[in-house]
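Here are some notes to read with the model open. Please follow along residue by residue and see what you make of them.

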Amino acid sequence: MSKNILMVVTNHDTITEEQSTGLWLSEFGEAYNEFNKHGYHITVASPNGGGIPIDPNSVSDDEPQEILDTKPHLENTKPLVDVEADDYDAIFLPGGHGTMFDFPDNEKLQKLLRGFYEDGKVVSAVCHGPAGLVGATLSNGDPLVKGKRVSAFTDAEEAETGLDKHMPFLLESRLSELGAHVRNGANWAEHVEVDGRLITGQNPQSTEAAAKEVVKQLNQ
């Protein structure tokens, strides 16, 4: 039977009046194409549903066509309120700075992540996508990431973007504060951590490897 994947993306489109943001397109596109290649049924959802803002910095002049071809799947996403964990085998959270603003405090996303994790399903995120894990708790009240090995966009990488001063928090630091064992590689290098069914990637360069790990677990 085909597996069902839930991909949750951001609706948030601004950092400052001068700086727009949104979803980092390759983090969505690379994962989408990897899941699609294996015949998985993919649902794309977002906190508010509808069209998704794409960070303009994530689309270069030589962006691969196979990434650009995934953009139509972002035109009419499903609202999270209409999504239930029981219908899916895995959840994947692509990043983009927008996730730092509308993922951490979204109660429905927190409920979904708890449901996926406690049902033994795959929970995965890449780059700023782990911002969704920040507010997620287990039924016993512990942070979902407590005691887990995770990777995420590093404080040093954030400083290099120059956007660290505009973020509501620094993702690597916050995950550590929640009791996660954050493991990262060199800045902008591919790095993925797998702790049971929790799969997290450090940055855009880690998307394909994280998606392949999801596939590996689903096909076991």
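1. A word on naming before we start: helices (H or I, at least four residues) and strands (E, at least two) are DSSP runs, numbered from the N terminus. With that in hand, Thr207 can be placed in helix α7. Do keep in mind throughout that this is a predicted model.

2. Staying with Thr207, is this residue buried or exposed? Thr207 is buried, as its relative accessibility is 0%. Its side chain reaches the backbone oxygen of Pro204, at a distance of 3.0 Å. Setting aside neighbours within four places in sequence, the contacts of Thr207 are Ser26, Glu27, Glu30, Ala31, Phe92 and Val126. It's worth displaying those six side by side with the Pro204 interaction.

3. Now the charged pairs. How many salt bridges does the structure hold? There are 8. One of them joins the side chains of Lys212 and Glu34, with N and O 3.5 Å apart. Lys212 sits in helix α7 (residues 207-218) and Glu34 in helix α1 (residues 25-37), so this pair ties together parts that lie 178 residues apart in sequence. The two partners are not equally accessible: Lys212 is partly exposed at 37% relative accessibility, while Glu34 is buried at 5%.

4. Lys212 has another partner to look at. Its side chain also meets that of Glu208 in a salt bridge, this one at 3.9 Å from N to O. Here the two residues are 4 apart within helix α7, so about one helical turn separates them. Glu208 comes out as partly exposed, with a relative accessible area of 39%. If you zoom out a little, you'll find Glu34, Lys37, Glu208 and Lys212 linked in a network of salt bridges.

5. A further salt bridge to check is the one between Arg149 and Asp195, whose closest N and O atoms are 3.9 Å apart. What does this pair tie together? Arg149 belongs to strand β6 (residues 149-150) and Asp195 to strand β8 (residues 192-195), so the link connects parts 46 residues apart in sequence. Arg149 is partly exposed, with 33% relative accessibility. Asp195 has a relative accessible area of 18%, and since the cut-off for buried is under 20%, Asp195 counts as buried.

6. On to the largest pocket, which has a volume of about 280 Å³. Of its 17 lining residues, those closest to the centre are Trp24, His97, Thr161, Trp188 and Pro204. Which element gives the largest share of the lining? That would be α1, with 3 residues. By class, the lining of this pocket has 6 nonpolar, 8 polar and 3 charged residues. Pro204 will be familiar from point 2, where its backbone oxygen is reached by the side chain of Thr207.

7. Two backbone angles deserve a look. Most residues other than glycine have a negative phi. Cys127, though not a glycine, has a positive phi of about 60°. Where is Cys127 found? Cys127 is in the loop between β5 (122-126) and β6, and it is buried at 3% relative accessibility. Trp188 likewise has a positive phi, near 70°. Trp188 lies in the loop between β7 (181-182) and β8, and at 32% relative accessibility this residue is partly exposed. Trp188 is also among the residues closest to the centre of the largest pocket, so please include its backbone when you go through that lining.

8. Last, have a look at Lys78, which lies in strand β3 (residues 78-79). Lys78 is partly exposed, at 34% relative accessibility. Which residues does Lys78 contact once neighbours within four places in sequence are left aside? They are Thr43, Val44, Ala45, Ser46, Gly49, Val83 and Tyr88. For Gly49 there is a backbone distance as well: the C-alpha atoms of Lys78 and Gly49 are separated by 4.7 Å, although the two residues are 29 apart along the chain.

Note on methods. Residues are numbered from 1 along each chain as its sequence is written. This is a predicted model: local features need pLDDT of at least 70, side-chain atom pairs count only at pLDDT 80 or more; totals for chains, interfaces and linings use all residues. Side-chain values use heavy atoms; hydrogens and water are left out. A salt bridge is a side-chain nitrogen of Lys or Arg within 4 Å of a carboxyl oxygen of Asp or Glu. Buried means under 20% relative accessible area, exposed over 50%, partly exposed in between (1.4 Å probe, protein chains only). On a 1 Å grid over the protein atoms alone, a cavity is a set of points where a 1.4 Å probe fits but cannot get out, and a pocket is an open set with protein on both sides within 12 Å along at least five of seven lines; lining residues have an atom within 4 Å of a point. Grid points are joined across faces, edges and corners, and a volume is the space filled by probe spheres set on the points. Ala, Val, Leu, Ile, Met, Phe, Trp, Tyr, Cys and Pro count as nonpolar, Asp, Glu, Lys and Arg as charged, and the others, Gly among them, as polar. A polar contact is a pair of N or O atoms within 3.5 Å; within protein, one must be able to donate a hydrogen and the other to accept it, and residues adjacent in sequence count only if both atoms are side-chain atoms. Contact means heavy atoms within 4.5 Å.
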